[in-house]
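Subject: Structure handover

Hello,

Here is the structure you asked for. My notes on it follow below.

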Amino acid sequence: MVSEQFGSGLETAEYQPERWEEAIDRFRHLPERSERCWACYYLRLEETARRAAELDIGRFTTTLPVSPHKVYSRVVEAGQRAAGIHGVEFHAEDFKKKNGFKISVERSRELGITRQNYCGCYLSRREADERRKKI
Ligand code: SF4
């Protein structure tokens, strides 16, 4: 496990796909990098902010910006909104800068981490499959 390799603890949230379905429902017809994803970013970051506050951790961040497929300004907006609601601070940093994405790929390889070739939801998987079919 990666957290063990870094000597840190690991907190996981309950898997609640119905919350995601509800959050993106109005936008499910839209592609990746649209309102569908803005709602998804917020859902995840709101849960992270809530848990940070519960654990008395004053500051949190996300690895989302390391992906070139994510819209950094929208991640920051969602993080700051979530932080404000729970009285914690959001650390905004664009991890893809300074070759961050390339470094993340190399580090994943070194640590034996599997990288999936779609974002995470079944809609993004379908979109990725369609893109590959066209190539
Ligand atoms: S999992 Fe990824 S592609 Fe799917 S809604 Fe969330 S951010 Fe968008």
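Helix α3 gives 3 residues to the shell around the ligand, the largest share. (Helices are DSSP runs of H or I with at least four residues, strands are runs of E with at least two, and both are numbered from the N terminus.) The model is predicted: local features need pLDDT of at least 70 and side-chain atom pairs count only at pLDDT 80 or more, while totals for chains, interfaces and linings use all residues. Residues are numbered from 1 along each chain as its sequence is written.

Around the ligand, with C-beta atoms placed from the backbone and lying within 6 Å of it, are Ile24, Glu32, Arg36, Cys37, Cys40, Cys119, Gly120, Cys121, Leu123 and Ser124. Two elements, α3 and α6 (122-134), each supply two or more of these residues.

Helix α3 also packs against α4, at an angle of about 35° and with the axes 8 Å apart. Axes here are lines fitted to C-alpha atoms over the stretch in contact, and angles run from 0 to 180 degrees between N-to-C directions.

The largest nonpolar core has 15 residues, of which Tyr41, Ala49 and Ala82 touch the most other members. Such a core is a set of buried Ala, Val, Leu, Ile, Met, Phe, Trp, Tyr and Cys residues joined through C-beta atoms within 7 Å; buried means 20 or more other C-beta atoms within 10 Å of the residue's own. Both α3 (35-54) and α4 (72-86) give two or more residues to this core, and the largest share, 6 residues, comes from α3.

Leaving out residues up to four places away in sequence, Ala82 touches Tyr42, Leu45, Glu46, Ala49 and Phe90, where contact means C-beta atoms within 7 Å.

Regards

Notes: A residue is buried if 20 or more other C-beta atoms lie within 10 Å of its own, exposed if 12 or fewer, and partly exposed in between; C-beta atoms are placed from the backbone. Two residues are in contact if their C-beta atoms, placed from the backbone, lie within 7 Å.
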